[in-house]
Amino acid sequence: MPSPLITPEEAARMLGVSPRTLATWRCLGRYRLPYVKIGARVRYRQEDVEAFIERRTREHTGEAA
């Protein structure tokens, strides 16, 4: 079963950032967070947002990013 598509607002809430921050990340390619374009709309796969969180999880500040 495919992962549900969520809105930028929902993804931003999961990440603790604003939807505007997500838009900036998309424009600049700052982080590797895949998104789906459907016409003019942007959606995120919930599993991609969860994987992004896992990739960014660290045990201590000395770990490489």
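A residue counts as buried when its relative accessible area is under 20%, as exposed when that area is over 50%, and as partly exposed in between. Keep these cut-offs at hand during the tour, and remember that the model on your screen is predicted.

**The whole chain**

Begin with the chain in cartoon view, where you should be able to find three helices and three strands. If you follow the chain from the N terminus on, these elements come in the order β-α-α-β-β-α. Turn the model slowly, and keep in mind that the C-alpha atoms fill a box of roughly 40 × 30 × 20 Å when the box is taken along the principal axes. Of the 65 residues in the chain, 23% count as buried. Among the contacts between residues at least 6 apart in sequence, 47% join residues that are at least 24 apart.

**Select S3**

Now select S3, which you will find in the segment before β1, the strand of residues 5-6. The relative accessibility of S3 is 16%, and because this is under 20%, S3 counts as buried. Show the side chain of S3 and look for two backbone nitrogens that this side chain reaches: that of E47, at 2.9 Å, and that of Q46, at 3.3 Å. When residues up to four places away in sequence are left out, S3 touches R45, Q46 and E47.

**Select R45 and D48**

From S3, move on to R45, one of the residues that S3 touches, and add D48 to your selection. What do the side chains of R45 and D48 meet in? They meet in a salt bridge, with a distance of 3.7 Å from N to O. In general, side chains of opposite charge can pair when their charged atoms come close. A search of the whole structure finds one salt bridge, so there is no second one to look for. The two partners can also be compared by their accessibility: R45 has a relative accessible area of 37% and is therefore partly exposed, whereas D48, with 16%, is buried.

**Select I6**

Next, select I6, which lies in strand β1. Is I6 buried or exposed? With a relative accessible area of 7%, I6 is buried. Display the residues around I6, and, not counting those up to four places away in sequence, you will see that I6 touches A11, M14, R43, Y44, Q46 and V49. As an exercise with the distance tool, pick the C-alpha atoms of I6 and R26, which are 20 residues apart along the chain and are separated by 15 Å.

**Select helices α1 and α2**

Colour helix α1, residues 8-15, and helix α2, residues 19-28, and look at how they pack, at an angle of about 100 degrees and with their axes 8 Å apart. An angle from 65 to 115 degrees counts as roughly perpendicular, and α1 and α2 are therefore roughly perpendicular to each other. To see the contact itself, show P8, E9, A11, A12 and L15 of α1 together with P19, L22 and W25 of α2. By class, this contact has seven nonpolar residues, one charged residue and no polar ones.

**Select C27**

Finish at C27, which is found in helix α2. At 71% relative accessibility, C27 counts as exposed, whereas I6 counts as buried at 7%. Your last distance runs between the C-alpha atoms of C27 and E50, which are 23 residues apart along the chain and are separated by 21 Å.

Note on methods. Residues are numbered from 1 along each chain as its sequence is written. This is a predicted model: local features need pLDDT of at least 70, side-chain atom pairs count only at pLDDT 80 or more; totals for chains, interfaces and linings use all residues. Side-chain values use heavy atoms; hydrogens and water are left out. Axes are lines fitted to C-alpha atoms, for helices over the stretch in contact, and angles run from 0 to 180 degrees between N-to-C directions. Helices (H or I, at least four residues) and strands (E, at least two) are DSSP runs, numbered from the N terminus. Angles under 35 degrees count as roughly parallel, over 145 as roughly antiparallel, 65 to 115 as roughly perpendicular and the rest as oblique. Contact means heavy atoms within 4.5 Å. Ala, Val, Leu, Ile, Met, Phe, Trp, Tyr, Cys and Pro count as nonpolar, Asp, Glu, Lys and Arg as charged, and the others, Gly among them, as polar. Buried means under 20% relative accessible area, exposed over 50%, partly exposed in between (1.4 Å probe, protein chains only). A polar contact is a pair of N or O atoms within 3.5 Å; within protein, one must be able to donate a hydrogen and the other to accept it, and residues adjacent in sequence count only if both atoms are side-chain atoms. A salt bridge is a side-chain nitrogen of Lys or Arg within 4 Å of a carboxyl oxygen of Asp or Glu.
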